[in-house]
Structure formats: structure tokens, C-alpha cells
Amino acid sequence: MRKSGLCLSGLYMECAGEYGHYVEWREKSIGRKRKSIAAFVLAAVLGIVAVNPMAVRMNQAKAVVSQTSGTALAGGVSEEPLRLVSRDSEPKISGVPMGTLIKETGDILVVLDPGHGGEDEGCSSEGVEEKALNLQIALRVQSRLLEMGYQVRLTRETDIVRTLEERVQAANQAGADIYVSIHQNASEEKDVEGIEVWYSGQNEGAESERLSRVIQKYVVESTGARARELQENEELFVIRECTMPACLIETGFLSNRAERGKLAGSGYQEQLAEGIARGIDVYFHPRTMYLTFDDGPSDANTNRILDILKARGIHAAFFLIGENVEKHPETAKRIAAEGHTIGIHCYRHDYEALYDSVESYIADFEKAQAVVRDVTGVETKLFRFPGGSINGWNKQVHDQIAEEMAKRGCIYYDWNASLEDAVSNPKAEKLIANGVSSTLGRKKVIMLAHDVIGETGLCLEELLDQLPEYEMELLTEDVEPIQF
Ligand SMILES: [Zn+2]
Ligand SMILES: [Zn+2]
């Protein structure tokens, strides 16, 4: 059995490999790479390939030298046999010139890339060859995507050699919307298992990451396999050189006996295909989430949250407490300046006093509105009832308050998912689980969180990573409210 790093050779690093061994095999591959470069130069001297200075500069001929178990190169430069792939003829896919593979208008074109093929079997173990599994899984994904109305192209549909350059060209020239490369993993540690997805930060970084996360999430859900950490890597040729969001999924470890058995079976392959296809579909049709934060602003916590939102280019809604705006005016101004929505929560967060009567509620609301206006300059029509629109304190007065507020043109927003972070001693891990589970896969979610809670800021990044199927949008008065 060979390690995954050797499935195509360290030269290409097409197969991502179990991360624990990544550095190790990468180091080993350096020696091999030098030999390959020497082989390439020798070949050029012999006139087997034309030396393209650009190609040499760009990662030393990776596009033209394929290291496989094929024909040995005369001269014995490499210990391992080499086979040269000419770039002279126009690359083709399934006999069709690539130029004809242009996306049809209005369609979404997915390019699936079953790794390896032909003499390059990828990693293998106990007679199970990676190249065969990659193709079987890709064909299953293709048939599901076609049923869902996507246009799909495979970089190979049979057991043939494709250079990495051909694979990438196929996607780029066809105008593909995404590129998904399918591989199998291997490790020297026999018990290592699970699904690993790789992307390049250089190629549509944020979108490639979202694609990777959403595919990993649905494949793990459909198979029950272990989710391995997402990997960003700039050296995997195919996902780096594509001009559209791309990822490479290693659907399991051939070195793990139990996982190998599953991977070779049609039932498990169908589960994998279902997860990949669903992930792709959700990538193109993300669900909508409106992040909302109550009870702020606070100093450190709100600013931590604002930093995260800014770094990710996300906007949220903050339902402010007038008293806290007076305490932290700079933070309130920052919320407004960075384009988030400001709503009114109350002036003083005292349920009993607030819900004593319609008048007491309105007086508190107007005071909060005035403070927010004075400090931030924002005149807002959005508000949220402390405790939600219907709660134990306002049963008697809720209808009248709602009526009075509607007359003023104000709209209130409750929520349909929550971190449940307004509890004593909240723990980040629990808040994330609450947030993820309470979405229930809904198409539209208004998420309740509290920016005064330290753990909420601490868990926000992880929470967002775990919700790749949602696009975070700005709550405005045009959004149909969720009301209890
Ligand atoms: Zn591979
Ligand atoms: Zn509150």
C-alpha cells in the first residue's frame, strides 16, 4: 500500500493526504521532485517536450510531467518510472474537444473531477484502487445532480489518464461554476478515518471555503463518517488553478480496513454521492439567516463581535438598550458606522416596570429611541420586545402595545432560533450546539443572541463555520418579520 502523498506523487500533491503525514511525505517528495525536474530537463534536451520557461517557473513542469507507474524514461534519472504527457495535441474529454464544453446559458455547470485514472491508480490497498472508487462516486454524484437540474461534466468518464492541466482547463474553458475533485485518502496509521476537504485560499478563498464546508457537512450527515478538519492548502494544483470556487474531497481512508470496506460498497457510495450532491445544491441555494444581538452594547464583547462580523463581511441587527448606549456610546456609533441594523430593545431592561401598562412601555420605548437617535443618528422602526413579544410579564398589555406600536409604523421581530445564551454561566460549546440545532434546517432563520455575553463572542466564529448552508443577511424593515 502506498501513502496518499504518493498517490500521484509528491510532485503534484494532487491527493491531499492525512494531515498528520502531510509534512512528512512532503519532505520525502522534495527529493523525488528534484529527480523529476532533472528528468524533465533531460527530456527537454532530448526534444521529447518543448521547454516552456513559464511552465518551468511555475512549479517546475508540474503540468507536463506525470509520475506514474508507466514507461520508464531512458537515462534512469529517477528511481521511479516516469511517463511524459505531451501537451501538443488539444486536450480532450471523452473524445469531445474541450472547446465545445461551454456552459449553457442560465444553467449551473458543475465539473466533477474523479482523481487519477489509467496507469495512475492513486493510492490502493488490498486490491481496492483509488482511481476506480473516485470514478464510481463521481458518476453517482453526476446522476443525482442531473436529476436536480444541474449541468455536469466529468474530467474523465472512463479509466483513462488525464493530466492535471487538462482537468483544470476543462473546467476553466467550459465556464464551470464550481469544481469538485474526488479522491481517497491513506495513512500509515491504520485506524485513521474520516472525510477531509481541501481548498485553496488563493482561488476564490471565501467561496471555496464555503463550498468545502457545506459539502463536508452534508457528506458527514449522509454517511455518519468522522469529519476531519478542513484544510487550506496552496499546493494542490487542481483546486488552486481553477478559476471558479473549487474543493477536493477525500471521501475516506483506504488504509483503514473498515472504511475501505464501506467505500467499496455501492450503498455507502450512494450515501457519499447524496451528501456531495446535497452540499453542492445548498451551496448554490443557501438558506438565509439574520443574526440579531440583544441587550447591548457592551464594550469588549460587542467589539469582539463587530470585529468578527467585519472580517467576514457580515452584517447583523443589534437591538439596543438605551442605558447601555449611554454607557458605551462609541460602540453604539461603531455599530451604525459599520452598516449594521440598529433596533430598539428598551431603555431599561426591567420587565415589571416596562410591562406595567401601555403607557409605561411607550414611555420607555420613546426614551430609548431618543438616546439611540442622539448618539448614533439612526432613526429606526425596528424593535424587539424584551423577553419576546409574548411573555409572562406582558400578557395583559401585549395586544394594546403591539397595536400602538403598529400605529407608529414600528415593526417587531421575534426569533425562530436561539443560542440560549441568556442563561447563567453559559458555555461556548453548548451555545454553538443550541444555535445549530435550533435552526432545524429552516430556509429563513432569525437567530437570537446577546452581545453582552462574553461566551457569545467567543463562540461566534465556530458557530458561523458550522452554518455554511446559511447566508447571513442584513435585517431591515423590508424583511417579513417572525412574530410569536
Ligand atoms: Zn488521490
Ligand atoms: Zn433582552
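**Strands, helices and two cores**

Strand 14 (residues 317-321) runs alongside strand 15 in the parallel sense, and the pairing holds over 5 bridges. Within this pair, phenylalanine 319 sits opposite glycine 343 of strand 15. Strand 15 itself covers residues 341-346, and 6 of the 6 are buried, so the strand is largely enclosed by the rest of the structure. This picture, like everything that follows, comes from a predicted model.

Now for a sheet. Six strands, to be read in the order 8-5-9-12-10-11, make up an open sheet of 6 strands with mixed pairing. Strand 8 (151-154) and strand 11 (231-232) are its edge strands, each pairing on one side only. Further in, strand 5 (residues 109-114) and strand 9 (residues 178-185) are parallel partners, joined over 5 bridges. One of the matches here puts valine 110 together with isoleucine 178, its bridge partner in strand 9.

Two helices lie across strands of this sheet. Helix 3 (residues 130-147) crosses strand 5, strand 8, strand 9 and strand 12 (246-253), and its direction makes an angle of about 145° with strand 9. Helix 4 (residues 164-174) lies across strand 5, strand 8 and strand 9, at about 175° to strand 5.

Then there is the matter of nonpolar packing. The largest nonpolar core counts 57 residues, and Val110, Val180, Ile215, Cys247 and Ile276 have the most contacts inside it. Helix 8 (residues 266-284) supplies the largest share of this core, with 8 residues. Apart from this core lies another one, of 51 residues, including Phe293, Ile342, Phe365 and Ala449. Back in the largest core, valine 180 shows what such packing looks like up close: leaving aside neighbours within four places in sequence, valine 180 touches Val110, Leu112, Asp113, Cys247, Ile249, Ile276 and Ile280.

Finally, a look at a single loop residue. Serine 298 is found in the loop between strand 13 (287-294) and helix 9 (300-312). Is this serine buried or exposed? With 22 other C-beta atoms within 10 Å, serine 298 counts as buried, because the cut-off is 20 or more. Which residues does serine 298 contact, leaving aside its neighbours within four places in sequence? They are Asn324, His328, Asp451 and Val452. Valine 452 is 154 residues away from serine 298 along the chain, yet the C-alpha atoms of the two are separated by 5.5 Å.

Note on methods
Residues numbered from 1 in each chain as written. Chains lettered and ligands numbered in written order. Predicted model: local features only at pLDDT ≥ 70, side-chain atom pairs only at ≥ 80, totals over all residues. Pairing = 2+ DSSP bridges. Helix = DSSP H or I, 4+ residues; strand = E, 2+ residues; numbered from the N terminus. Contact = placed C-beta atoms within 7 Å. Axes fitted to C-alpha atoms, helices over the stretch in contact; angles between N-to-C directions. Buried ≥ 20, exposed ≤ 12 C-beta atoms within 10 Å, placed from the backbone. Core = buried A, V, L, I, M, F, W, Y, C linked by C-beta atoms within 7 Å.
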